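Here are my notes on this one, as numbered points. Have the model open beside you while you read.

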Amino acid sequence: MKSGSNLEKILKAGHFAFTGEVGPPRGANVEALREKVSYLKGNVDMANITDNQTAMVRMSSWAASMICMQEGVEPNFQMVCRDRNRLAMQADILGAYAHGIRNMLCLSGDHQQFGDHPQSKGVFDLDSMQLIGMVKKMRDEGKFLGGADIDVPPQIFIGAAANPFAEPFEWRVHRLAKKVAAGADFIQTQCVFNMGRIRDWVSQANDMGLTDKIAILPGITPMKSVGMAKYMKNKVPGMDVPDEIIKRLQGVDKKKVADEGIKIACEQIEEFKEMKGVAGVHLMAIEWEHKVPEIAERAGVLPRPEV
Amino acid sequence: MIIADKKPIQEIIDQVSNYERILVLGCNECVTVCEAGGKKEVEILASVLRMHFLKEGQERKIDERTLERQCDHEYLEEIRDVIDQYDAVLSLACGVGVQFTAEKYLTTPVLPGVNTCFLGANEQRGMWTERCQACGECVLGKTAGICPISRCAKRVMNGPCGGSTNGKCEINSEVDCAWQLIIDRLKALGRMEDYEIVAPIKDWSTERAGGPRKVVREDVQV
């Protein structure tokens, strides 16, 4: 065991992992956060706690991760390269570990231009690939980046992101290979809507032997409305929403669109359960946390195994 | 070269409004090539200022001069005998020239007439784009001659990030994704195997992070 986290144990035992996601509040509203987390309790193996996602200021991801832990859900502490230099990163990793956090997701972060502080200075001291390598060095060598010994190194299960839908497609799997080489233990992908493309990407990863070395969890986001689907297709960078998805949502009664969205998500999960090289799925029910119990139930991933 | 852009005229007027005798001082190097602070721009700006103050019913002494370089002691000495005739110098050089002029003439206010923007190239007439951030440790040999530090919005050393779409950057669909360019060129060079190498964490101490920088070359010192 590298970290002994619940996710690591689930994967090691060969179970199909099911992870969730919670965005910290835009303020210190602890009760709102506890409520969001409560919907995930018992329904997921781990919850990603986002780090100033879309470059909007929120409660810090390590602090929200701790509250998540208090509520009985294992957190996946997300860290972006946009907001911290290597000193702050290493300090926060140690602090998070000291408080019991065992999983991390290493990300570049959306550019600050997208958020509510576009005048800010992006740090980008490291990139996401280098952040993975740094956490691995801290964990496996017990060394800071600067070379000094760490007095009790952090045992972190290292996560990374992949977007099989961004360009250039043919080199996306090679970037995955680099993340494996850098030291990532698991991958959570961008929201999947184009199943054809993810099949190709996973099969390339299988051919390159990458899926033997790393657990891949494709991202699942149920569409709440036709508007959301169109927005994701047209406005969100790196998102690939095929027209069939939009047509399918448009094809049902207005009151049934959200239900159809969940249906599509469940069909995707069913396919991923059988797909060689896929170790689980990551559910990103954006501002729809209260639906997680229903989605988990309908996706047939309950009860979550105790490991 | 150093790329500069014009400052809004109102900002310039506000800066010089308290001075009676003003020298508009151009530079014959980068700012001339990027058409922001050469002889031509000095003439135009001086005329605009004269007209402005005339309209206000004020006559001010506004003179023009363009030096070969403002980042060189030798050329800055050329105005030593006239500097006392002015209450302020409005320099159209880059930030280097403005500061060098100010350092040389301690008691004369030296005001910036342009905004210094970046190190770039003239991509087409009237358009300049950034190419270098002067990080002090060039990586172009490893990135197919395309700089991820100056051309990737996130300075990603192992790109492309997840925001690359149709060869463009997530921040703006008119900005090329530097990593798409790097991959395209690595392919053209038949060196795609270079892409597989994880770029090590960069030492930013040679960049501005290390404090004000200095290059000392004993071999050329006299």
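**Notes on the two-chain model**

1. Let me start with a small piece of chain B: β8(B) and β9(B) make a hairpin, with 2 residues between the strands. Helices (H or I, at least four residues) and strands (E, at least two) are DSSP runs, numbered from the N terminus. β8 covers residues 168-169 of chain B and β9 covers residues 172-176, and the two pair in the antiparallel sense over 2 bridges. Two strands count as paired if DSSP finds at least two bridges between them. Cys169(B) has Asn172(B) in β9(B) as its bridge partner.

2. Some ground rules before going on. This is a predicted model, in which local features need pLDDT of at least 70 and side-chain atom pairs count only at pLDDT 80 or more, while totals for chains, interfaces and linings use all residues. Residues are numbered from 1 along each chain as its sequence is written, chains are lettered from A and ligands numbered from 1 in the order in which they are written, and side-chain values use heavy atoms, with hydrogens and water left out.

3. Chain B also has an open sheet of 3 strands, in the order β1-β6-β7 with antiparallel pairing. β1 (2-6) and β7 (127-132) of chain B are the edge strands, each with a single partner, so one side of each has no neighbour in the sheet. Neighbouring strands here are turned by 75 degrees against each other on average, direction ignored. Axes are lines fitted to C-alpha atoms, for helices over the stretch in contact, and angles run from 0 to 180 degrees between N-to-C directions. β1(B) pairs with β6 (residues 114-124) of chain B over 5 bridges, in the antiparallel sense. If you want a register check, Ala4(B) stands opposite Thr116(B) in β6(B).

4. Now chain A. Its sheet is a closed barrel of 8 strands, running β1-β2-β3-β4-β5-β6-β7-β8 with parallel pairing. The average turn between neighbouring strands of this sheet is 30 degrees, direction ignored. β1 (residues 17-22) and β2 (residues 46-49) of chain A run parallel and are joined by 4 bridges. There, Thr19(A) stands opposite Met46(A) in β2(A). Helix α10 (residues 257-274) of chain A packs on the sheet and touches β1, β7 (215-220) and β8 (280-283) of chain A; its direction makes about 165 degrees with that of β7(A).

5. How many residues of each chain are in contact across the interface? 28 residues of chain A meet 30 of chain B, with contact taken as heavy atoms within 4.5 Å. The two chains bury about 2500 Å² between them, 53% of it on carbon and sulfur atoms. Buried area is the accessible area (1.4 Å probe) that two parts lose on being put together, summed over both. Gln130(A), Trp171(A) and Lys178(A) supply 25% of what chain A buries against chain B, more than any other three residues.

6. On polar pairing, the interface has 19 residue pairs in polar contact, both residues at pLDDT 80 or more. A polar contact is a pair of N or O atoms within 3.5 Å; within protein, one must be able to donate a hydrogen and the other to accept it, and residues adjacent in sequence count only if both atoms are side-chain atoms. On the chain A side, α5 (128-141) and α6 (172-182) each supply at least two residues, and α6(A) gives the most, with 5. By class, that side has 11 nonpolar, 8 polar and 9 charged residues. Ala, Val, Leu, Ile, Met, Phe, Trp, Tyr, Cys and Pro count as nonpolar, Asp, Glu, Lys and Arg as charged, and the others, Gly among them, as polar.

7. The structure holds 44 salt bridges over all chains, and the count between chain A and chain B is 1. The cut-off is a side-chain nitrogen of Lys or Arg within 4 Å of a carboxyl oxygen of Asp or Glu. Across the interface, Lys187(B) meets Glu170(A) at 2.9 Å, N to O. Within chain A, Asp140(A) and Lys136(A) form a salt bridge, also listed at 2.9 Å. These two are 4 residues apart in α5(A), which means about one helical turn separates them.

8. Lastly, some backbone spots to look at. Leu302(A) and Pro303(A) are joined by a cis peptide bond, omega about -5 degrees, and Pro303(A) lies in the segment after α11 (292-298) of chain A. Gly159(B) and Pro160(B) are joined by a cis peptide bond too, with omega about -5 degrees; Pro160(B) is in the loop between α6 (148-151) and β8 of chain B. Glu35(B) has a positive phi of about 55 degrees although it is not a glycine, and sits in the loop between α2 (30-33) and α3 (39-55) of chain B.
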